[in-house]
Amino acid sequence: MNSVLESKNDVQQVTGDSTAVSEDTLRLLRRFHFGEPAAAEQTSIPEPTVLPALLNAYRDASVIRYQYPLYLAPPDDCETTGLARPISEFFAAALQSFAPGGDDARVLKDNLPWLERYLKESLGDTGPAAAAALLAAAAAAMQKELDLNDSAREKLAADLDQLAAAIAPGGQFLGYGPGVPLHLLLHAVRHRDSEKRAQLRERIDSHIHGLEALLDVEKSKSADANQPGNIQSSVGLGSQYFDSGALSGMLQHRAAGSVAMSTARRARIEAALRTLQAWQDDAVLVRFVGRIEGPGISDLPEVQVIDSDDRCAHASAVYEQQAAEYGVLFAALRVAALEIDGSYDPAVHDSWFASFDWQAFSDDELQLVTRVFVLVSAADLAGDGLPSFSRLLASRLPVHVLTSVRAYDNPGARPDDGPFDAYRFELGYFGVGHRQIVVAQTSAARHDDMLDGFLSALDSNRTSLHLINRGTQSKTKKPLLDPWFVASAALESRAHPFVLVNPDAGDHAAERVSFGGNPQPDGDWPVEKLEYRGTDGEKADMELAFTFADYALLMPALHEHFRVIPAGLDSRDLIPVDQYLEAEDEIADRAVPFVWAIDAEGVLLRLAVSRALVFACRDRLNYWHTLQELAGIQNFYVEEAIDRIIEEQRVAIETEREQREQEHAEELESVRSEAAGEAMGQLVDFLMGADLSGMVTGGSPLATMPAAAPAEVEAPVEEHADEVEPAVAEAEEPEEELSFDEPWLDTAACTTCDDCISINKMMFAYNEDKQAYIRDVKAGTYADLVAAAEICPAKCIHPGKPLDPNEPGLDELIARAEPFN
């Protein structure tokens with residue numbers, strides 16, 4: 001269905017007299033919802049012409065193009081066109097090949113929808129028809145329908161001829177109908193098996209010639225083979241040019257020296273040769289065990305129909321019987337190949353061939369066995385036939401089960417039960433539980449998905465289960481919608497979702513499960529836009545979810561689960577079904593769920609829904625969630641693992657950040673301690689070597705000792721004086737000033753963040769270890785230093801005091817720098 005739906009006729013919203021309705025009406029609808037019979041009798045069932053609001057646009061299917069009719073390519077043409085494609089796509093591709101320009105074949109392009117509609121109406125649901133003949137009839141009808149001049153008529157005829165030339169010999173058109181699944185199945189089997197059957201015949205003939213040659217050689221070794229009469233017969237018509245008697249004499253000595261074939265080998269070769277010569281190709285491609293309603297399929301020469309009371313068990317017996325027949329052929333072919341190659345070893349091969357059966361077939365040999373399909377109802381599979389059905393699924397026999405499923409019904413319901421009295425028996429999930437079978441739950445409305453299911457099963461050599469919805473409606477002679485739209489609605493509403501499980505694709509569910517054929521597969525329900533005209537006459541739109549309750553409205557037999565809500569009744573307790581399913585219990589206990597509908601006059605209606613139908617919606621939604629998890633969509637365990645990994649990464653990042661901050665803080669403190677120690681050491685060294693005499697002379701008078709008696713002072717006194725003089729001279733040198741107010745950068749703590757570099761590349765630079773240092777403090781301003789210190793994540797920049805006392809705004813800058821000094 002389209003993402004934006006518009007009705008052919010305007011959809012109008014109608015309001016009633018709100019004063020005419022009361023809380024009593026709402027209570028009555030609530031009692032109906034809970035299942036009270038008296039309330040059901042006092043409320044109105046919708047008219048039979050009512051449709052779900054999102055499907056009103058499709059009342060007239062004759063003016064709507066959809067996937068059918070199909071063009072079915074013959075087996076020798078499928079590589080270029082595919083097995084099947086809508087005729088709209090087929091015609092578009094053909095026109096592109098001979099009329100690529102916008103104005104090329106203009107008349108034909110403009111009237112292509114008319115041509116497609118003529119083909120669809122001509123085909124009906126009778127089955128495939130010869131494409132070339134039907135297109136020729138449609139072309140003649142188009143020429144008659146259009147009032148063209150001679151020139152335009154000739155051009156249209158030429159374009160129609162080119163369009164017809166695109167149809168390969170044997171091509172067919174197929175319209176939509178109940179027989180579509182079987183017709184497409186046969187089409188798939190023809191494509192898969194016709195060429196294989198031809199190759200098998202060539203292989204048989206080749207091995208016959210090879211074995212005959214071996215026996216001819218062995219025959220030539222006998223004495224009788226060299227007699228003139230035998231030589232003459234073996235040479236054939238050319239014997240008139242030979243002297244058979246003379247030739248016989250020449251060959252006598254060769255026969256005497258040859259080694260004769262053993263009796264056992266000769267018997268083995270002759271037995272294999274007899275088997276190959278007696279083999280008759282099976283004209284039947286498919287054996288159906290069950291019943292086929294209507295003509296067109298059962299009368300085909302490539303089809304055999306076998307009825308049985310226990311169809312699953314009988315199909316197993318049919319397959320084993322024909323597999324035994326093919327087993328004799330395949331054994332003969334293998335023996336022939338070994339004998340022709342001269343590699344048959346009785347010690348190895350005799351015992352192996354003695355127990356040779358279908359389980360020893362190669363994959364290629366299994367593909368050659370005539371296909372066996374079981375045609376059985378879903379009710380039988382879920383009822384009395386369940387044990388036999390389960391045994392077949394577990395048997396490993398490549399037998400295929402095909403059943404038509406009514407998406408609104410419960411195949412496991414007892415005869416007296418309603419469709420919503422119990423949880424639905426999901427045959428598809430039952431099949432998945434057998435693990436090693438192909439399960440294809442498909443819709444006839446999506447031919448490509450259905451063909452994928454058939455081809456996966458035909459190629460797999462496994463048991464398979466095909467659950468197909470055809471869009472049938474109950475208790476209606478003239479349905480309001482084309483069955484194709486009904487089948488599409490079953491797919492959209494999660495009533496019959498697409499799923500293909502192929503164990504050959506891998507051991508993991510993500511590899512096995514195909515889920516892409518579902519609309520909006522990530523959500524609970526598909527959500528689409530409905531356009532309508534409001535009570536004020538203006539166009540409006542609203543988003544609507546298409547639920548199982550909407551699909552159930554298509555079935556007249558289920559209209560008893562709906563009641564009309566008066567147009568004037570407005571209440572917060574009236575909730576759409578999709579919102580009701582998500583509501584909290586305290587809200588749901590008071591609410592009345594409803595769906596939007598449109599009647600034949602194009603008027604929007606609200607229909608209250610029974611609790612039993614709401615339970616069915618919840619059950620279908622639960623199964624949908626199960627399939628989503630199988631396909632890896634919104635998988636609880638996957639989402640839980642993702643959340644866990646995200647949390648683990650967050651904790652790891654946070655821990656690493658805290659550890660790095662701690663390491664930086666410790667490293668910074670260590671550098672600061674080392675710097676302070678070095679500064680104090682330098683200060684002590686300076687003070688220890690300084691001249692402190694100035695402190696004495698410049699101070700207050702000191703007490704002195706009395707002068708000692710004069711004594712002779714020897715040379716050492718002079719040497720002492722000489723030693724003092726340099727110290728005095730050294731103290732007189734200018735002192736080197738040491739300041740703690742100069743800017744500095746703790747390079748070891750740098751994290752290479754580029755923040756300081758981005759502020760001033762001339763002031764800051766990186767060393768060889770990609771860590772920053774102050775290149776030139778005079779290359780920038782004090783404001784640059786303060787800004788770099790503030791932005792540094794490692795807090796390793798210390799601005800110190802400003803070098804330029806005239807820089808503007810120093811008071812503020814010094815205050816900002818204080819935390820970093």
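## Notebook: salt bridges, a sheet and some odd backbone spots

I began with a salt bridge: R462 pairs with D504, and their closest N and O atoms are 2.7 Å apart. I looked up where the two partners sit. R462 is in the loop between α19 and β12, and D504 is in the loop between β13 and α21 (509-512), so the pair ties together parts that are 42 residues apart in sequence. I checked the cover on D504 as well. D504 has 43% relative accessibility, so I noted D504 as partly exposed. I keep in mind that this is a predicted model.

**Entry: the whole chain.** I stepped back for the totals. The protein has 821 residues, and 43% of them count as buried. I found 31 helices and 24 strands in its secondary structure. The exposed area is about 43,800 Å², with 51% of it supplied by carbon and sulfur atoms. I also looked at how contacts spread along the sequence. Among contacts with a separation of 6 or more, 71% are between residues 24 or more positions apart.

**Entry: more salt bridges.** How many salt bridges does the structure hold? I have 28 on record here. I picked out D573 and R30, whose side chains meet with an N to O distance of 3.2 Å. This pair links distant parts of the chain, 543 residues apart. D573 belongs to the loop between β17 (562-565) and β18 (574-576), while R30 belongs to helix α1 (residues 23-34). Are D573 and R30 buried or exposed? Both are buried.

Next I took E790 and R816. Their side chains form a salt bridge at 2.8 Å, N to O. E790 lies in helix α30 (residues 782-791) and R816 in helix α31 (residues 810-817), 26 residues apart. E790 has 33% relative accessibility, so E790 counts as partly exposed. R816 has 30%, so R816 counts as partly exposed too. I then went back to R30 and asked about shared partners. R30, D573 and R590 are joined into one network by salt bridges that share partners.

**Entry: R31.** I moved one residue along helix α1, where R31 lies. At 32% relative accessibility, R31 is partly exposed. Which residues does R31 touch beyond its neighbours within four places in sequence? I listed E36, A39 and Q42. I also compared R31 with R611. They are 580 residues apart in sequence, yet 9.9 Å apart in space from C-alpha to C-alpha.

**Entry: the sheet.** I traced an open sheet of eight strands with mixed pairing. The order is β8-β7-β9-β10-β12-β11-β13-β14. Which strands are at the edges? They are β8 (303-306) and β14 (513-514), each pairing on one side only. I reminded myself that strands of a sheet pair through backbone hydrogen bonds, either parallel or antiparallel. I then checked one pair in detail. Strand β11 (residues 438-443) and strand β13 (residues 499-501) run antiparallel, joined by three bridges. A440 has L500 in β13 as its bridge partner.

I looked for helices against this sheet. Helix α19 (residues 447-460) packs on it and touches β9, β10, β11, β12 and β13. Its direction makes about 160° with that of β11. Helix α9 (residues 180-220) lies across β7 (286-289), β8, β9 (371-375), β10 (400-404) and β12 (464-469). Helix α9 runs at about 170° to β9.

**Entry: a surface patch.** I found a nonpolar patch of about 250 Å² made by V638, I642 and I646. I placed I642 in helix α26 (residues 636-688). The relative accessible area of I642 is 43%, so I642 is partly exposed.

**Entry: backbone oddities.** I first noted the usual case: most residues other than glycine have a negative phi, and most peptide bonds are trans. Then I listed departures. The peptide bond from Y68 to P69 is cis, with omega near 0°. P69 sits in the loop between β2 (51-52) and β3 (70-72).

T752 is not a glycine, yet its phi is positive at about 60°. I located T752 in the loop between β21 (744-745) and α29 (755-759). With a relative accessible area of 29%, T752 is partly exposed.

K795 is also not a glycine and has a positive phi, about 55°. K795 is in the loop between α30 and β24 (797-798). Its relative accessible area is 38%, so K795 is partly exposed.

Key:
Residues are numbered from 1 along each chain as its sequence is written. This is a predicted model: local features need pLDDT of at least 70, side-chain atom pairs count only at pLDDT 80 or more; totals for chains, interfaces and linings use all residues. Side-chain values use heavy atoms; hydrogens and water are left out. Two strands pair if DSSP finds at least two bridges between them. Helices (H or I, at least four residues) and strands (E, at least two) are DSSP runs, numbered from the N terminus. Contact means heavy atoms within 4.5 Å. Axes are lines fitted to C-alpha atoms, for helices over the stretch in contact, and angles run from 0 to 180 degrees between N-to-C directions. Patches are made of residues with over 30% relative accessible area and no salt bridge: like charges are joined within 9 Å, nonpolar side chains (Val, Leu, Ile, Met, Phe, Trp, Tyr) within 5 Å. Accessible areas come from the Shrake-Rupley method with a 1.4 Å probe; for residues, only the protein chains shown count as cover. A salt bridge is a side-chain nitrogen of Lys or Arg within 4 Å of a carboxyl oxygen of Asp or Glu. Buried means under 20% relative accessible area, exposed over 50%, partly exposed in between (1.4 Å probe, protein chains only).
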